[in-house]
Amino acid sequence: AEAQPRLGEFTPQNLANTAWAFATADVPAPQLFESIAAEAQPRLREFNAQDFANTSWAFATAAVPATELFEEIERAAVKRIDEFEKAGVTAMTWAFKTTGCEAPRFYEALRHRK
């Protein structure tokens, strides 16, 4: 993909939207997803709730193994749990379930959110 070498220039929303677009179009791009995961992980504190939801949904939909990414997303998403709207919670829950990520901190934070 032409985007791959420029991922470092992408905002969190751009990373999430790129993953979402490839997953939605059902375009196999394992190397691109691997690169998105590598770029996203150290920058997850910059992601908002929608970025977490879109990224998680995309990786789960594309069936891209990314256990470490999902664990890091869970850790970061807990800190922003109050930002999640219903659709984002649904997408995250589905993605965690689909990928086998247990996400106990995420579910605990959901129980206690405002």
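Let's start where helices α1 and α3 touch: Pro12, Gln13, Ala16, Asn17, Ala19, Trp20, Ala23 and Thr24 in α1 meet Asp51, Asn54, Thr55, Trp57, Ala58, Phe59 and Thr61 in α3. Sorted by class, the residues of this contact come out as eight nonpolar, six polar and one charged. Keep in mind that this is a predicted model.

**How α1 and α3 cross**

- Two packed helices are described by the angle between their axes and the distance between the axes.
- For α1 and α3, the axes come within 8 Å and cross at roughly 30 degrees.
- An angle under 35 degrees counts as roughly parallel, so α1 and α3 get that label.
- The crossing of α1 and α3 is left-handed.

**A closer look at threonine 61**

- Threonine 61 sits in helix α3, and it is one of the residues there that meet α1.
- Is threonine 61 buried, exposed or partly exposed? Its relative accessible area is 32%, and because buried means under 20% and exposed over 50%, threonine 61 is partly exposed.
- If you skip the neighbours within four places in sequence, threonine 61 is in contact with Ala23 and Trp94.
- Try finding glycine 100 too: it is 39 residues from threonine 61 in sequence, and the two are 13 Å apart in space, C-alpha to C-alpha.

**The two sides of α2**

- Helix α2 covers residues 30-40, and its buried residues are Leu32, Phe33, Ile36, Ala37 and Ala40.
- Why do these buried residues lie on the same side of α2? They cover an arc of only 140 degrees around the axis, and that puts them on the same side.
- The general rule behind this kind of pattern is that an α-helix has 3.6 residues a turn, so residues three or four places apart point the same way.
- Flip to the other side of α2 and you'll find Pro30, Gln31, Glu34 and Ala38, which are exposed.
- What covers the buried residues of α2? The cover includes α1 (12-24), α3 (49-61) and α4 (67-78).

**How α5 and α6 pair up**

- Helix α5 (residues 86-99) and helix α6 (residues 104-112) have axes that come within 11 Å and cross at roughly 150 degrees.
- Angles over 145 degrees count as roughly antiparallel, so that is the term for α5 and α6.
- This crossing of α5 and α6 is left-handed.
- On the α5 side, Val89, Met92, Thr93 and Phe96 make the contact, while α6 brings Phe106, Tyr107 and Leu110.
- By class, the contact of α5 with α6 has six nonpolar residues, one polar and no charged ones.

Technical notes:
Residues numbered from 1 in each chain as written. Predicted model: local features only at pLDDT ≥ 70, side-chain atom pairs only at ≥ 80, totals over all residues. Heavy atoms only, no water. Buried < 20%, exposed > 50% of the residue type's maximum accessible area, 1.4 Å probe, protein only. Helix = DSSP H or I, 4+ residues; strand = E, 2+ residues; numbered from the N terminus. Arc of directions from axis to C-beta. Contact = heavy atoms within 4.5 Å. Axes fitted to C-alpha atoms, helices over the stretch in contact; angles between N-to-C directions. Parallel < 35°, antiparallel > 145°, perpendicular 65-115°, else oblique. Left-handed = near helix turned anticlockwise from the far one by under 90°. Nonpolar A, V, L, I, M, F, W, Y, C, P; charged D, E, K, R; others polar.
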